[in-house]
Each structure stands twice: as structure tokens, then as C-alpha cells.
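Work through the exercises below with the model open. Each one sets a task, then solves it step by step.

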Amino acid sequence: MGGKDLFWVKIGVSIYDENGALVPVVGGDSPVILPPGCSPQTDPQAEANLLTWINAARAAEGLAGLTRQSALDAAAAVHSADMGCNQFVDHTGSNGSTWNTRIRDQGYKAAAAAENIYVGDPAFGGDAQGAWEWWMNSPVHRGNILSAKVTEVGMAYAYVPGSPFKGYYTLVFARPAAGP
């Protein structure tokens, strides 16, 4: 594909105690710390394009569009900035957080939730279109976009010039829990 071949890797890490018993990994109770001077740049137009493409893809499948939700936007922004400023790519944050804990930390109570991330240098296809194409060519990420279990989305783009990948996208999908 002209130097832009797609691939997806999921790495799971387990921790065992001295007796060989699996230790549950729980994180996200401490705030994300960004290094001094790291100020990610945003791109509201890229985010608006993604929402348009998401809802067009959902409509083509007979699904209702997703509504952008501010608490989910905040959870996505925390993660994109964390990845860019702390120079890593993972669904687990530098503080051990998961998309569920990041959503919870923004005061959102989710009945269902999922997350898509994408990183790439905009000079080499790591723009919103590149993210979209990658997600739609990945069965897991496409499934998140087209899930009937979610009704809302949050999204964030963080551009961090001194980081390895420069551009960091996070989409957070959720459906609010019923009741208080």
C-alpha cells in the first residue's frame, strides 16, 4: 500500500506474585502527569471530520449517529495528551488508567464503553484520514465505530512535535448507565 501498510497488535501483560498467582492490575487512581513544557496542539476540524465520517458509516449500516459528549471528550483528551507528552502508545495510560477509569474520572457513568487510538506523523499519513482508514480496516476498531451498544462519543487529537509519532488520536465510545 505505498509504504502505508496497516497492522494491528494487541499486547496483554499479566502480573504474577511470588507464588505464581495472577495479580489484578488496577490503575488510574493518580492523575496523569505531563512533563513541563508539553502543550499538545489540538485540531477541532480533524475531530469534526471524524464525527462526520463516523456517523456516515453508522448511517450506511442502519445505525443511529453518535452524539459528541463533553465528558467523553475530556477522557479522550487526557489520553491523547498523555500518550504524546509521555511518548507511548497504549490503551493503558502512564498512570495505569484504562478507558473505563478515564471515563469514570470525568464523572461519566457508562453502561458500555470502548476506545480506539491511532498515532502517526501527519507528514506521513498520520492525519484524520489516515486514522479513519486504519480504524475502518481493523475489524476490532471498525466494530467499536459500528457498535449498536454505544450512543455517544468523545474524541481528541493531540499534536506533540517532539514526540516519536507527533499525532495522537483517541476516540471514546459509550452509552450512559441508566439511573443515578
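## Exercise 1: the span of helix 2

Task: compare the expected span of helix 2 with the distance between its end C-alpha atoms.

Solution. Take the 17 residues of helix 2 at 1.5 Å a residue, which should give 24 Å. The expected span is 1.5 Å times one less than the number of residues. The end C-alpha atoms of helix 2 are 24 Å apart, so the two values agree. Helices (H or I, at least four residues) and strands (E, at least two) are DSSP runs, numbered from the N terminus.

This is a predicted model: local features need pLDDT of at least 70, side-chain atom pairs count only at pLDDT 80 or more, and totals for chains, interfaces and linings use all residues. Residues are numbered from 1 along each chain as its sequence is written, and side-chain values use heavy atoms, leaving out hydrogens and water.

## Exercise 2: the surroundings of helix 2

Task: find how many residues of helix 2 are buried, and what they pack against.

Solution. Step one is the cut-off: buried means under 20% relative accessible area, exposed over 50%, partly exposed in between (1.4 Å probe, protein chains only). Twelve of the 17 residues pass as buried, so helix 2 is mostly covered. Among them are Ala71, Leu72, Asp73, His79, Met83 and Cys85.

Step two is the packing, where contact means heavy atoms within 4.5 Å. The buried residues of helix 2 pack against strand 3, helix 3, strand 4, strand 5 and strand 6.

Step three is the ends. Gln69 caps the N-terminal end, with a side-chain oxygen 2.7 Å from the backbone nitrogen of Ala71. After helix 2 comes Gln87, with a positive phi near 55°.

## Exercise 3: the sheet and its helices

Task: state the strand order of the open sheet, then place two helices on it.

Solution. Start with the rule: two strands pair if DSSP finds at least two bridges between them. The four strands then run in the order 3-5-6-4, with mixed pairing. Strand 3 (67-68) and strand 4 (110-120) are the edges, each pairing on one side only.

Next, take one pair. Strand 3 and strand 5 (residues 152-159) pair in the parallel sense over two bridges. Arg68 has Val153 of strand 5 as its bridge partner.

Now add the helices. Axes are lines fitted to C-alpha atoms, for helices over the stretch in contact, and angles run from 0 to 180 degrees between N-to-C directions. Helix 1 (residues 44-60) lies across strand 3, strand 5 and strand 6 (167-176), at about 145° to strand 5. Helix 2 (residues 70-86) packs on the sheet too, touching strand 3, strand 4, strand 5 and strand 6. The direction of helix 2 makes about 30° with that of strand 5.

## Exercise 4: salt bridges

Task: count the salt bridges and say which parts they tie together.

Solution. Apply the rule: a side-chain nitrogen of Lys or Arg within 4 Å of a carboxyl oxygen of Asp or Glu. The count is four.

- Glu47 and Arg68 meet at 2.6 Å, N to O. Glu47 lies in helix 1 and Arg68 in strand 3, so the pair ties together parts 21 residues apart in sequence. Glu47 is buried at 11% relative accessible area, whereas Arg68 is partly exposed at 31%. Glu47, Arg68 and Asp73 are linked in a network of salt bridges.
- Glu115 bridges to Arg102, with the closest N and O atoms 2.9 Å apart. Glu115 is in strand 4 and Arg102 in helix 3 (residues 99-105), so parts 13 residues apart in sequence are tied together. Both residues, Glu115 and Arg102, are buried.
- Arg104 and Asp105 meet at 3.0 Å, N to O. Arg104 is partly exposed at 44%, and Asp105 is partly exposed at 43%.

## Exercise 5: one residue in helix 1

Task: is Ile54 buried or exposed, and which residues does Ile54 touch?

Solution. Ile54 sits in helix 1. Its relative accessible area is 0%, so Ile54 is buried. Leaving out residues up to four places away in sequence, Ile54 touches Leu66, Trp132, Ile145, Met155 and Leu171. The C-alpha atoms of Ile54 and Met136 are 9.8 Å apart, with their positions 82 residues apart along the chain.

Methods: A polar contact is a pair of N or O atoms within 3.5 Å; within protein, one must be able to donate a hydrogen and the other to accept it, and residues adjacent in sequence count only if both atoms are side-chain atoms.
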